[in-house]
Structures are given as C-alpha cells and as structure tokens.
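Work through the following exercises on salt bridges and nonpolar packing with the sequence and the structure side by side. Each task is followed by a solution that proceeds step by step.

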Amino acid sequence: MSAHTGDPSPEQLAADLSGAVRRLVRRFRGVSPDTGLSPSQRSVLARLDGAGPDTTAGLARAELVRPQSMRMTVSALEELGLVARAPDPDDGRQSVVSVTEQGRRTLTEMRAAKRDWLAAALADELDPAERRQLADAVVLLERLVRK
C-alpha cells in the first residue's frame, strides 16, 4: 500500500484497495484445503450454494463463460460428487444443477480455513483500535458493493 500524505485521490485509493484485495484473495487461496478444484469450479460451487440450483446455461451467463466451458466445469464437479443434476421441472430438455451435501461440506471446510486464518491474522497483527478501524472500513466496503 502506498503511503499518503493528506487525502488520497479516488484513483489512488482504488488502486491501493484493488491491490490489497488481490493479495487477500491470494492468501485465502493459499490457506484453503487442497480440494483440487480450479478457481472456476470453486466459483460455480459457491454460486450454487448461495443462489440455489440453476441450469448450466444460467450458470454460464452468471459466470460470464461460454456454455461449453460451463458444461465441462459442471461435469467435473459432478464427477467429484460435489453437484448433482436433476431434470428441470419447467423444461424437460434441460437439467438443474445443485450442490450436494459433499459439496456443502467442501465449501464449509474451505470457508472455515479462510476465516480461521483471517481471525488469527487479525488477532496477531492488529491492536483493538486497528480492528475497530477495519470494522468501520468493512461497513464502507459493504456500502460500495451494494450498488
């Protein structure tokens, strides 16, 4: 992060924040259990867990990838037992993909590892006043991403 004298410009703050978020995501990936899942597979699994079942076409639109690529991602997750397909009740030509219990357990383990690492880092690296500052910043970040 760059050192600022006075108020940083929105552009400089955006650059600093983007860099910090990238490094945080990289650390999260490093502390997650080795599931053998690619970033796109993890993303699809998390999306299905959060948003609920969806078609392969719907997932492709949501993840901004080609339907063929999503079919391969879903097939790999299905082979691992992390997702299951069922006939779409509204359109028998399609299937709906949902997370299995094994998929939920995998997500829970990955999320717990990230949360545990971050909690330990917060306790070890920040004093109470700094943790309060970070809590205040989280409120601002949440406001930014709601738009």
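**Exercise 1.** Determine how the side chains of D49 and R111 meet, and where in the chain the two residues lie.

*Solution.* The side chains of D49 and R111 form a salt bridge with an N to O distance of 2.9 Å, a salt bridge being a side-chain nitrogen of Lys or Arg within 4 Å of a carboxyl oxygen of Asp or Glu. The pair links distant parts of the chain, since D49 belongs to helix α2 (residues 39-51) and R111 to helix α5 (residues 101-125), with their positions 62 residues apart; helices (H or I, at least four residues) and strands (E, at least two) are DSSP runs, numbered from the N terminus. D49 is partly exposed at 26% relative accessibility, and R111 is partly exposed at 36%, where buried means under 20% relative accessible area, exposed over 50%, and partly exposed in between (1.4 Å probe, protein chains only). D49 and R111 also belong to a network of salt bridges that links them with E101 and R104.

The model is a predicted one, in which local features need pLDDT of at least 70 and side-chain atom pairs count only at pLDDT 80 or more, whereas totals for chains, interfaces and linings use all residues. Residues are numbered from 1 along each chain as its sequence is written, and side-chain values use heavy atoms, with hydrogens and water left out.

**Exercise 2.** Locate the salt-bridge partner of R132 and describe the placement of the two residues.

*Solution.* The partner of R132 is D136, and their closest N and O atoms are 2.8 Å apart. Both residues lie in helix α6 (residues 128-146), where a spacing of four residues corresponds to about one turn of the helix. R132 is partly exposed at 49% relative accessibility, as is D136 at 40%. In total, the count comes to seven salt bridges.

**Exercise 3.** Which residues have the most contacts inside the largest nonpolar core, and which elements each supply at least two of its residues?

*Solution.* The largest nonpolar core, a set of buried Ala, Val, Leu, Ile, Met, Phe, Trp, Tyr and Cys residues joined through side-chain atoms within 4.5 Å, has 15 residues, and those with the most contacts inside it are L45, L48, L59 and V83. At least two residues of this core come from each of α2, α3 (56-63), α4 (67-79), β3 (95-99) and α5. Leaving aside its neighbours within four places in sequence, L45 is in contact (heavy atoms within 4.5 Å) with L37, L77, L82, V83, V99, G103 and L107.
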